[in-house]
Each structure stands twice: as C-alpha cells, then as structure tokens.
Amino acid sequence: MLKGLEGNKLRVLEALNQGGFVSGQALGEQLGISRTAIAKHIASLQEMGIDIFTVSGKGYCLNHSLPLLNPLQITQELETKQHTHSSIEVVPVIDSTNTELMRRIQQGQYPVQGHALLAEMQQAGRGRRGKVWQSPFGANLYLSYYWRLDDGIQAAMGVSIAIGLAVHDALNKLYGVSVQLKWPNDVYLDKKKLAGILVEVDGQVEGPCHLVIGVGINLVMPESVAAAIDQPWQDLSSKVGSINKNQLAATLIDCITARLNQYRSQGIKSMVAQWNQLNVYAGQPVSLSTGQQTWQGICEGIDEQGAVMLRQNGEVKAYYGGELSLRPINSFER
C-alpha cells in the first residue's frame with residue numbers, strides 16, 4: 001500500500017474543496033506553513049491529476065469539487081441496504097485495489113466474504129489485457145470486492161456478466177440512468193465507455209476459488225487526464241450533475257452482493273435476457289479478436305454460459321475467452 005495524501009497536503013485539498021478561490025497567503029495562515037510550502041503541495045496535487053487553477057491575485061481553485069470517500073458514511077449507507085453485510089476499507093492512494101487484494105490472497109491473508117477496498121487514486125490501475133485504467137485522485141470510483149466460490153474456477157466464468165448488471169442496477173436505482181453493456185466487462189452510457197470491470201481469480205480447478213472483482217466508474221474526469229484515454233468515454237457527472245460518492249459506493253456494493261447471491265444460486269441463466277436487452281452492440285456488425293485471429297459477424301448477445309454469440313453466414317456461433325476483444329465495424333455480409 002502506498003502513502004500519498006496526508007497532513008498538510010490533505011488539509012490543502014480539503015480547503016480547496018470548499019469551493020471558490022483561496023489565496024496562498026490565506027492557506028498558509030490557516031495551516032501555519034509558508035506560501036512556498038503551499039505552492040509545493042499544490043504542485044504535488046496537480047501531479048496526482050487534480051485540476052487546480054492558479055490565478056495571479058486570486059490564488060487557487062479546483063476546477064470541480066471532488067466527491068471524496070468517507071468510510072463512516074459508506075458504512076452508514078450500507079446499514080440501510082437489504083443485501084449487504086460488507087466490511088469497508090478506504091485508502092487515499094494505492095497501486096491498484098485489485099492488485100492489493102490479490103496480494104493478500106496469495107499470502108494467505110483472505111479477506112472476509114464481501115470485503116470492499118476503495119481508493120481515491122490508483123497509481124497502477126489496470127484493465128483487461130494489460131491496459132492502463134486512468135485513475136486520477138478523487139475523480140472517479142475505484143473499488144475491488146472479494147468473493148469466494150467453492151465450485152472451482154469454471155464456476156466463475158460468468159461473473160463479469162453479473163457485475164455488469166450490478167453496475168446497471170446501482171446507477172438506475174440512484175439516478176434513473178439506463179446504461180448499456182459491452183461483452184464481456186464494459187459499461188457504456190450514450191454509446192461511450194463509462195465503467196470497466198476486471199475479475200481476477202485465484203484458486204483450484206475443482207476446489208475453492210477466490211475472486212477479486214474490480215469496478216472503475218468515471219465520475220468527474222479531469223481534462224488533464226482525458227487526453228490520455230484512447231476511446232470515446234463518458235463520465236457520470238456530465239449526465240446527472242453532482243454525485244454523492246459514498247452513497248454510490250454503498251449502493252454499488254449492495255447491488256454487487258445481490259447479483260453474486262443470485263449468481264451463486266442460479267448461475268447467469270436468470271440474467272441472460274436482461275443482459276441481452278442492454279447489449280450495446282445488439283444486432284450490429286462486430287469483430288472479435290484475440291490479437292492474432294479475428295472473426296466478424298452480427299452480435300446476437302450472450303448465451304447461458306456467458307459466451308458472446310455472432311451470426312456468421314446464417315449460423316450463430318458462440319465464443320468465450322478472457323483475452324477476446326469485441327469492437328464494432330462498419331458493415332458485414334449477413
């Protein structure tokens with residue numbers, strides 16, 4: 001676990017998060033440190049991806065107020081939920097919430113069932129296929145959730161389907177937003193990527209299986225970071241306005257728990273129809289690639305095993321694999 005936001009740096013951020021401009025002199029007097037020290041803290045916060053304006057004669061101002069995590073508020077929210085008995089852990093800065101939970105598992109330090117680790121910033125956030133997940137401080141929601149299955153690795157193959165629906169459930173419940181889902185683990189809003197899911201597994205083929213389920217949701221993406229994103233994206237605040245991140249975190253944890261309970265008792269069979277209704281590429285030409293081999297067809301959604309189905313030359317074929325990448329294409333001979 002990495003440290004990165006303590007003491008005066010945190011107090012500077014809290015002062016800026018009150019809104020409006022604050023002069024370096026006023027900040028220095030408030031914290032009992034020099035204006036030079038204030039400037040160093042501001043520069044450090046900017047390096048963490050936080051958008052801070054500096055205007056001569058006025059001082060410093062956040063481009064957007066940052067919705068910050070509070071473990072007590074998340075716990076209080078969870079106490080009002082139906083499905084959740086989770087333990088909560090919040091850290092300011094970490095390499096990756098998924099990586100940290102997997103480290104603990106591999107060291108035999110198993111979290112309690114349903115444990116959720118959240119961070120304000122990831123310094124090495126990851127997506128599928130080794131891709132970087134942009135994780136600036138305070139801007140988005142970064143959450144990893146521990147779940148144990150006792151039926152082997154094969155039993156975990158459809159978990160990302162359940163988690164995509166859990167993200168849909170949470171956003172629809174809080175904001176009335178209906179997202180679209182992209183196989184196997186992306187969440188879209190207005191045909192742009194809003195969230196990603198990364199499910200990692202440690203266990204035996206036929207024995208106990210430890211899952212780390214990572215979810216990242218764009219909330220208030222800073223302009224300074226947006227330029228590094230290589231695909232169309234959306235953030236939630238652009239659609240719904242201000243966000244209570246603690247309420248969102250608690251609702252998401254509760255919805256994840258509910259969907260995993262459903263998954264454990266019924267598999268994904270009871271979820272397939274709803275997922276297919278939310279399929280962002282339903283009926284559209286797509287390509288499916290391993291990087292070395294590519295298939296094209298019309299996307300017909302998923303089957304009861306969680307495989308993506310493509311219609312090719314009048315025949316529907318199912319494909320499944322953790323390293324497959326699905327993309328839209330302009331046209332395909334039906």
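User: What makes a surface "accessible" here, and how much of it does the chain have?

Analyst: Accessible areas come from the Shrake-Rupley method with a 1.4 Å probe, and for residues only the protein chains shown count as cover. By that method the accessible surface of the chain comes to about 15100 Å², with 46% belonging to carbon and sulfur atoms. Please keep in mind that this is a predicted model, where local features need pLDDT of at least 70, side-chain atom pairs count only at pLDDT 80 or more, and totals for chains, interfaces and linings use all residues. Residues are numbered from 1 along each chain as its sequence is written, and side-chain values use heavy atoms, without hydrogens and water.

User: What share of the residues is called buried?

Analyst: Buried means under 20% relative accessible area (1.4 Å probe, protein chains only). Of the 334 residues in the chain, 53% are buried.

User: Why is the second largest cavity called a cavity, and how much space lies in it?

Analyst: On a 1 Å grid over the protein atoms alone, a cavity is a set of points where a 1.4 Å probe fits but cannot get out, so the name applies to such an enclosed set. About 40 Å³ of space lies in the second largest cavity, the volume being the space filled by probe spheres set on points joined across faces, edges and corners.

User: What makes a residue part of its lining, and which element gives the largest share?

Analyst: Lining residues have an atom within 4 Å of a point. Among them are Ser160, Leu181, Asp186 and Trp275. Helix 6, a DSSP run of H or I with at least four residues, gives the largest share, three residues.

Note on methods: 1 Å grid on protein atoms, 1.4 Å probe; cavity = no way out; pocket = protein on both sides within 12 Å on 5 of 7 lines; lining within 4 Å. Helix = DSSP H or I, 4+ residues; strand = E, 2+ residues; numbered from the N terminus. Buried < 20%, exposed > 50% of the residue type's maximum accessible area, 1.4 Å probe, protein only.
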